[in-house]
Structure formats: C-alpha cells, structure tokens
Amino acid sequence: MALPGRSGFIKDNPYLHLAEPLYDSDLGKKFFNVPKLDSRYGRLPFCMRVLLESALRNFDGFRVTQQDVEQILDWQKASQHGTDVSFRPARVILQDFTGIPAVVDFAAMRNAVESLGGDPAKVNPVCPADLVIDHAIQVDLIRNIPSTCSARLCIPAGRHGVSAQAGWSSSKENVQRSSPATCRIPQIEDTPVVCPFHHQPLSRPDSIQKNQELEFERHKERFQFLKWGAEALHNVLVVPPASGIAHQVNLEHLARIVFDHNGYIYPDSLVGTDSHTAMMNGLGVLSWGVGAIEAEAVMMGHPVSLSLPKVVGYRLVGQVGSLATSTEVVLAITKHLRQVGISGSFVEFFGPGVTQLSIADRATIANMCPEYGALAAFFPMDSVGLKYLKQMGCDEDKLNHIECYLQTVKLLRDYVDASQDPEYSLVVELDLGTVMPSLSGPKRPQDRVALEDMKDDFKRCLNEKIGFKGYQVPPERQRDVLGCRFEGADYDLRHGSVVVAAITSYTNNSNPSVMLTAGLLAKKTVEAGLSIKPYIKTSLLPGSGVVTHYLNSSGMLPYMEKLGFEVVGYGCRTCIGNSSSLPESVVETITRGDLVVCGVLSGNKNFKDQIFPEVRANYLASPPLVIAYAIAGNVGIDFATEPLHVTESGKEIFLRDVWPSREEVQEVERRSVIPCMFQELKEKLEKGQHLWASLQSSDCVLYPWDPKSTFIKCPPFFDKLSVEMQPPERICDAHVLVFFGNSVTTNHISPGGSIPHDSPAAHYLSSLGLTPREFNSYGTRRGNDEVMMRGTFSHVRLINKIVGKMGPKTIHFPSGDKLDIYDAAERYRREHKPLIVLAGKDFGIGGSRDWVAKGPYLLGVRAVLAETYDRVLRASLVGVGIVPLQFVDGQNAESLDLTGRETYTVHLPAEPVPNALVDVQLNTGRTFQAVLRLDSDMELTYYNHGGLLNYTIRTNLQPLPENMQA
C-alpha cells in the first residue's frame with residue numbers, strides 16, 4: 001500500500017468547484033475563490049484565511065482532509081482544544097548554518113534510496129526552497145581601510161550629503177560611470193567604495209573585500225557543497241554570500257506575495273529554519289520558524305502539523321513619538337505580550353495605528369515574535385505594503401495582479417476601516433504614543449529597560465543575586481577602576497564599560513528610518529568633535545547591501561566610519577558569536593578585575609556567553625542608541641542629566657543636542673531610499689559575485705563524499721534503514737545523561753560559536769591533524785555529525801543537576817566517573833545502554849537549530865521527560881525519533897523526588913494514540929505516568945518509522961496513489 005503524504009494534485013478534490021479563473025482573458029490561470037466556501041470566512045482572522053486557502057488547494061485525502069477545512073472555519077472552538085491541522089506552505093527558506101545539514105540530509109537520502117533499490121535522482125525538494133548564505137561571515141578586519149583619499153578620514157564640517165551628479169554601476173569585471181539619465185547610486189556591496197566628496201573609487205582592498213575573501217577561503221568546501229546542491233537538486237535556489245542576511249534578502253527580493261505556479265494563483269507563505277523567519281509576516285506573508293527536520297519534510301512535499309493556535313488581535317492606536325524608533329516599539333510589544341502570555345499563538349495586528357508603521361517597522365516587530373512567544377505576528381497586506389512592493393521595483397502589471405488577487409480573496413485590508421476587523425481570541429491594545437526609548441537586557445531579550453532607568457537598573461543588576469538580572473558583585477568592588485593599555489595609550493575599564501558596540505544584521509539594522517537616524521546621529525557627533533575609544537569593538541554588518549546604498553547616497557556612511565562603524569560584511573555575525581575576539585589587553589583587564597563589562601548591539605538575541613564569553617552583560621538597542629552608548633563608553637550614564645562630552649571650553653554636549661528630529665530623518669529617507677537601489681542589487685544577487693561564480697562544484701546525482709573532509713560528512717542516520725518499517729526500539733533501563741532545570745535554551749543543547757580547545761570536538765579535530773586555528777566554529781561544521789555530536793550539551797554555562805556545578809559534565813553511573821557528556825554517552829553506547837534527558841519548563845526555548853535533536857539522538861538519547869517544551873524543539877525530537885514525554889499537570893521532577901540517578905523504563909503501547917498516558921517505571925520500584933507528546937496521527941506515523949527522514953525515504957520508494965497525479 002502506498003504511504004500517505006506524497007505531493008501531487010488530487011483529481012477528486014471536493015473543493016475543485018471553487019477553482020475559477022481570476023481573469024476572463026486567461027482561463028488557464030485559476031485560483032480558489034475561498035470567500036464562496038462559507039459565510040464564516042469573512043469573520044476569520046486574515047492569517048486563518050491563508051491556512052484555509054492552503055487546505056482547500058492541497059486537499060489530498062491523506063494528510064490534508066475535509067476535517068482540516070472544518071476545523072479552520074471553526075477555529076475559535078478548535079483552538080481551545082489544541083486541535084491539529086495540516087498546513088502546506090508555499091516555500092521554505094534556509095540559512096547556511098541550518099541549510100547545510102538539510103542539503104547533507106538530502107544527499108544522504110539519495111545514497112539511502114539508491115542502496116534500497118530506488119532512483120536517487122527522484123530525491124528532490126518538491127516545495128521551492130531558498131537557501132541564503134549569510135552565517136559564514138566573520139569580522140577579521142575593522143577600521144582597516146588603506147585609502148589615498150583623505151576625505152574619508154577627515155570629514156569637512158558642513159557637508160550634508162553627496163552630490164547627485166554621478167554614480168557608479170558595476171559588473172563583475174569592471175566599474176563604469178553611469179550616465180546622468182540612469183539612477184545615480186554610488187555603490188553596491190562588492191564594488192569599489194566611492195569617496196562621497198571626490199566621486200572617485202577608494203583604493204582596494206578594504207575591510208569588506210578582505211573579510212569576504214577570508215570568508216571564501218575558510219568556507220570554500222562548504223560553499224562548493226552548497227553549489228552542488230543548487231545544481232543537483234531541483235527547486236533549490238542558493239543566494240551567494242555577501243548578498244545580505246536571509247530575512248532581509250527574503251523581504252526585499254525573495255518574497256512572492258502571490259504565487260503563480262502550475263496554473264494556480266495562491267498566497268505566498270513559508271516556514272524556515274530560523275525562528276526569525278516570522279519577519280515576513282510584516283509584509284503579509286504568513287510565516288514562522290520550524291526545525292530543520294520539519295523544513296526538510298516540507299521540502300519533500302509533506303505538510304506541517306500545526307496545533308491550531310489562538311489568534312490574539314493586537315490593536316495599535318496613536319503615533320510613535322519623536323525619540324522612539326521601531327526598535328523601542330518592538331521591545332515595548334515584546335514586554336507587553338510576555339506579560340499577557342501568548343505562547344504558541346498567532347498575533348494579528350490591526351487598528352489605525354498600523355498605518356503609522358512602515359513595512360520596515362512592521363518587519364522589525366514581526367521579526368521579534370519568538371522573543372515574545374508568538375508563533376507568528378501577522379500584518380495583513382494593505383496600501384502601505386503595495387507601495388513598498390513598488391519601491392522594491394515590482395512592475396505595474398505584477399503589482400496590479402497582486403492587488404487584484406488579494407482583493408478578490410479578501411486578503412487585502414484597510415486598517416482604518418473597523419468594519420473589516422475580524423474576530424479574535426483576545427484583543428489587547430497599545431498606544432504607540434506611550435512608547436519610550438528603551439533597551440533590553442542584560443541577559444534576555446524580554447527584559448526591557450527604559451532608557452531613563454538604565455543607569456539605576458544596571459546598578460541593581462550588580463547588587464542582585466546571580467540570575468537573569470543579577471551579577472552579585474560585592475559593594476566594595478562595584479567602583480573598581482582598572483587600567484588597560486591599548487595601542488600605546490592608557491584607558492580605564494570599570495563595571496558597565498562598553499567593549500562591544502555592534503550594529504548587526506537583523507531587521508532593525510535594515511530599517512531605513514532607524515539606520516538613517518543612526519547615520520544622522522553619527523554625523524552630528526563627529527561634527528561636534530565626539531569620538532569612540534579605540535578599544536571598543538565597533539562594527540556595522542548590514543542585513544542588506546541596500547543599507548550601504550542609502551547610507552552612502554545620503555552621505556552618512558563616512559561619519560559612521562569615522563566613529564568606527566564601518567561596513568565589514570553582510571550576514572549574521574555578532575548574535576551568533578562570529579565577532580572574532582576582543583583585544584588581548586582588554587580581555588586580560590576584564591579577567592583581572594572580574595569586571596561586568598557590556599556589549600550593546602542592535603540584534604535580537606543577547607543570550608549570555610553567545611556574544612563574547614568575557615562580556616557578561618549584553619543589551620539590545622536601536623542602532624542610534626548603540627552609537628550613543630559607544631560614545632559614552634559606559635551603560636551607567638543618565639543621558640538626561642549627564643553629558644556625552646565636555647569640550648575644552650567647558651561646553652557640555654548632551655545626547656538631546658545631537659539626536660536628529662523625525663523630520664530630519666524623513667527628509668533624508670525621502671531623498672536617499674529609491675527603487676533603483678533595490679533593482680540594481682537584485683540584479684547582482686541573481687548574477688552572483690565573482691568569488692561565488694568562480695567556484696567549481698560537482699554535477700553528479702550522488703554527492704562525491706570526501707572521507708578526508710572535516711566539514712561535510714555523510715551522516716549515519718540511514719545506515720540500518722530497511723524498506724519495511726521496523727518496530728520502534730524499546731526504552732528499557734535508560735540512564736539519565738543530563739538533568740536540566742527550567743528555561744534551557746537551544747544554545748545549551750546545540751553547539752554554537754567557537755570550538756573550545758579542550759573540548760571533545762577539539763580533540764577529534766586535533767586527531768585529524770588540524771590545529772586550533774583551523775577549528776573554525778561549530779556553525780561552520782554543522783555538516784559533520786562527528787563534530788556536532790561531540791559539541792552537543794557542551795555549553796560552558798550548562799548546569800547539569802546530576803553534577804550540581806556549571807559545565808558540560810555528567811556522571812557515568814555504572815562506574816561513578818565524572819566525564820564530559822560526550823565521553824559518558826560514548827561509554828553508555830559501548831555498553832548498549834539507552835539514555836534519557838530530564839528537564840523542567842520551557843525546554844528548548846530560543847532559536848531554531850537542527851542539532852538540538854540530531855545531537856542528542858546520536859549520543860544515544862531515546863526519550864526526553866520535561867514539564868513543558870518549546871514547540872520547535874519538541875517537533876524536532878519527534879522528527880529524529882526521540883520520544884517526547886511530559887510530566888502530567890501538577891507533577892515535575894522535584895515533586896516526584898527524581899534525582900537523575902535512577903534508571904527509567906518507558907512502557908509505550910503497541911498502538912499509541914496522540915497524547916496518551918504512558919507508564920514510566922524506575923529501578924527503585926516506583927511507577928508514575930507521563931504524557932506521550934506525540935500530538936497528532938502524523939507524528940505517530942513518524943514515530944513508528946523511527947523519524948521523519950526514514951518515513952520520507954520510504955515514502956519516496958512507494959508509487960503515487962491512484963487518485964493522485966504528480
């Protein structure tokens with residue numbers, strides 16, 4: 001019998017009567033006229049309308065059923081009962097950290113299919129997948145631009161912008177002056193930097209070029225592998241390095257808004273292997289982050305299983321004040337929704353205040369939805385969105401087509417018209433006029449701090465006990481001042497000193513209004529004679545080359561560079577620990593004084609130890625506030641009463657004196673952000689830069705694995721796979737490998753950042769002849785299961801209750817030895833002992849990482865028992881065949897007196913049902929019940945096959961059902 005879940009068009013779809021031509025002139029292009037289905041449609045939240053259209057169009061009788069349709073129509077009732085529905089998004093987006101393992105899995109699946117007698121060439125993504133290489137860039141060089149143009153370092157006072165007499169357009173081989181009739185754009189990211197005063201190219205190489213060349217040198221093998229994937233696998237588009245961060249490239253170039261495929265017109269929607277995929281909701285594209293395993297399933301044509309969420313209506317009224325940016329708006333919303341408690345819900349924005357927000361503002365808010373616990377934060381498309389598409393270079397015919405379709409299916413809305421407001425599970429409201437400038441930190445993105453309270457809040461953090469808001473510094477040590485020698489000069493470091501100031505690649509650093517505010521602030525501070533101390537690690541890593549365009553064309557970039565905020569590359573960097581290292585003298589001073597020094601960055605993650613291990617306090621802030629704190633040099637400043645600088649004549653310069661007005665920003669934005677920037681960048685993106693174009697790659701159906709490679713390795717997931725399904729392994733007398741408390745993040749589970757020299761992963765790489773300088777990072781070695789397995793549970797701040805001390809250690813109970821977690825797991829493997837993990841609440845919160853499940857599975861973990869799970873983490877566990885168990889309500893490890901020293905036998909029924917109660921028996925003789933968190937029949941199917949990838953391979957080996965055509 002054929003397995004369910006194959007992709008194809010169902011001939012007997014009961015909803016085909018709703019398929020009709022959108023235009024009388026083109027009868028071959030049809031769409032599902034969903035409003036005709038049921039009168040309830042008009043009351044559905046707009047995000048639910050997208051789910052409903054997908055269910056009608058993708059009905060297959062196997063995974064997408066009539067019951068799914070009815071449950072979406074009756075979503076209010078269904079969401080209260082945790083009802084599951086199947087959803088097939090229109091596409092998938094990957095970045096290289098999670099994209100490489102996905103392509104590795106596809107390559108390995110081709111090998112497995114061939115070994116089982118199938119055709120490996122048929123193993124391809126069915127759903128379009130865009131893979132953006134944006135996580136490889138590392139900042140090796142900053143403030144290192146040899147230049148013969150003195151204007152770049154000596155900025156004449158009074159210059160307010162760049163003359164628009166001429167610009168530069170580029171090809172891969174040369175740079176040509178554009179004619180006066182063409183769009184006058186000074187540069188694109190891999191063209192020569194143009195002096196904004198002399199209109200002549202500056203000398204090469206500069207920091208961007210050098211960093212990019214080093215990027216290709218480090219990652220040549222990975223890039224060649226991805227290029228093989230782009231050429232060998234159907235429906236895969238690889239966006240080359242140096243194009244921008246995935247989310248911003250997605251927003252500016254990859255978004256379809258409306259798909260026109262195989263004769264059908266339908267809404268764009270997507271899932272991605274990054275929790276911040278949800279940013280696309282800001283442009284009316286329903287999207288959220290999933291685990292890499294789920295994303296691979298979608299690529300293979302399987303739907304996502306979605307527990308139908310509640311939809312919280314978030315009503316915006318009022319107008320943002322002059323000092324607040326979209327960064328402050330999103331931090332205010334983050335804190336508000338955290339207080340409301342909307343975990344796992346959709347949030348849909350409505351109300352007249354939405355019209356005050358640009359698409360960049362909306363995208364910033366949507367980008368942060370994982371931090372306030374939402375699955376998606378949806379802004380339905382409106383006239384502002386259509387204007388944005390026109391700005392992006394969307395031609396008139398395409399724009400009319402998008403508007404016509406969205407209007408017809410009632411997915412285009414007017415936020416001022418209250419009659420269009422649908423029904424919601426809950427409505428909350430925010431007056432944008434109440435939003436004040438703020439930051440978030442020092443350890444979590446949801447801990448918002450008003451700018452006016454920062455000085456006092458940091459003092460409280462020094463006094464508080466160690467925790468999310470405390471460092472417990474003795475009072476007598478809080479005023480310590482230590483000397484630091486840097487580049488021949490002496491400086492003072494103290495608690496609160498800023499040592500990292502990064503405008504890094506997330507949405508708020510591609511928002512024109514925010515970035516131009518930062519640029520104007522830089523201009524005014526430079527003209528006032530202010531500077532940043534040289535030991536502070538400053539950098540500007542835009543999410544898009546468009547940022548470089550408008551900062552350059554507005555004349556702001558030289559001022560930012562003067563302060564040290566030089567464009568060093570394009571991609572994801574500081575938030576994932578790719579900032580190279582701090583100066584040795586700074587590290588030595590921090591360590592000697594045990595100082596709580598600070599990083600200020602415009603990203604969306606500030607988990608401790610992820611930025612720099614030596615930097616214990618990290619604050620998220622808007623780009624202009626990053627600059628302000630870098631100039632101040634310490635977070636313990638009250639900007640309202642303390643000056644940024646005192647001139648030699650004694651004049652005090654306050655932040656308010658140099659902060660640009662909203663009118664100034666709007667005027668510069670109007671002059672500098674123009675459509676042809678996006679169009680020219682899009683053309684370069686499609687052509688690829690010369691370093692990428694010159695890469696050689698294999699065109700074989702089967703990837704030619706190199707046994708000597710330390711980056712790309714064929715994983716062992718399918719070594720024992722058979723065509724016929726085998727019974728799941730029994731979990732009998734399992735030892736506890738790790739015993740966690742609450743709020744364990746993906747950072748604690750999945751390896752990230754640099755590879756410590758004394759870690760099991762380092763020992764493995766050293767055994768292959770690599771030196772520490774060649775280790776690179778865990779992120780770059782995600783295609784090597786040997787490295788990633790050894791890095792799982794290796795975080796330096798991990799607290800295993802079995803050991804009771806911080807560090808990646810555990811006890812091997814048969815011997816009583818205290819070992820690295822990997823070494824203990826390896827011993828258990830040789831002894832044929834299964835393993836489990838115990839955890840508290842919110843197990844696996846944080847960004848999406850594929851190895852949060854693959855790593856534990858390879859270590860021998862067969863079950864996890866937790867109080868509650870992060871949605872993506874739990875789905876990832878199911879995807880690799882790890883059984884997620886949950887304590888029943890009112891129970892946890894403490895109430896059951898669990899120590900982690902017991903052995904566990906899980907009595908799973910032969911034919912389990914979703915969320916069944918199962919018996920867990922201890923070697924002490926005690927038995928308790930737990931919930932089997934397989935939440936749907938689909939997840940039970942994955943479990944029975946030993947994981948989603950096994951199921952996918954077996955599905956690929958089966959013929960299509962008779963009522964389905966490819």
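The largest cavity in this predicted model has a volume of about 110 Å³. Twelve cavities of 30 Å³ or more turn up in total. Around the largest cavity you'll find F717, F718, K854, Y857, G879, V880, G946, G947, L948, L949 and N950. Three helices, α26, α27 (871-880) and α29, each put at least two residues into that lining, and α29 has the largest share with three. By residue class, the wall of the largest cavity comes out as six nonpolar, four polar and one charged.

Two neighbours in that wall deserve a closer look. F717 and F718 both line the largest cavity, and their rings form an edge-to-face aromatic pair, 6.3 Å centre to centre with 70° between the planes. F717 counts as buried because its relative accessible area is 17%, under the 20% cut-off. F718 is buried too, at 9% relative accessibility.

F717 also takes us to the second largest pocket, where F717, K720, E729, Y857 and R862 are the lining residues nearest the centre. This pocket holds about 1200 Å³ of space and is lined by 38 residues. Helices α24 (785-791), α25 (821-830), α26 (851-859), α28 (937-945) and α29 (948-956) each supply at least two of them. Here α25 gives the most, with five residues. The lining of the second largest pocket divides into 18 nonpolar, nine polar and eleven charged residues.

What sits over the ring of Y857? The charged end of R862 does, 4.3 Å from the ring centre. Y857 and R862 are both among the residues nearest the centre of the second largest pocket, and Y857 lines the largest cavity as well. A similar kind of arrangement can be found at Y471, where K443 lies over the face of the ring at 4.5 Å from its centre.

Back to aromatics for a moment: the structure holds 23 aromatic pairs. Beyond the F717 and F718 pair, there is an aromatic cluster made of F225, W228, Y703 and W705.

One last stop is D820, which belongs to strand β31 (residues 817-820). Is D820 buried or exposed? With a relative accessible area of 16%, D820 is buried, since the cut-off for that label is under 20%. Leaving aside residues up to four places away in sequence, D820 touches P760, P808 and K809.

Definitions and conventions: Residues numbered from 1 in each chain as written. Predicted model: local features only at pLDDT ≥ 70, side-chain atom pairs only at ≥ 80, totals over all residues. Heavy atoms only, no water. 1 Å grid on protein atoms, 1.4 Å probe; cavity = no way out; pocket = protein on both sides within 12 Å on 5 of 7 lines; lining within 4 Å. Points joined across faces, edges and corners; volume = space filled by probe spheres on them. Helix = DSSP H or I, 4+ residues; strand = E, 2+ residues; numbered from the N terminus. Nonpolar A, V, L, I, M, F, W, Y, C, P; charged D, E, K, R; others polar. Phe/Tyr/Trp six-rings, centres within 6.5 Å; stacked < 30°, edge-to-face > 60°. Buried < 20%, exposed > 50% of the residue type's maximum accessible area, 1.4 Å probe, protein only. Lys NZ or Arg CZ within 6 Å of the ring centre and 35° of its normal. Contact = heavy atoms within 4.5 Å.
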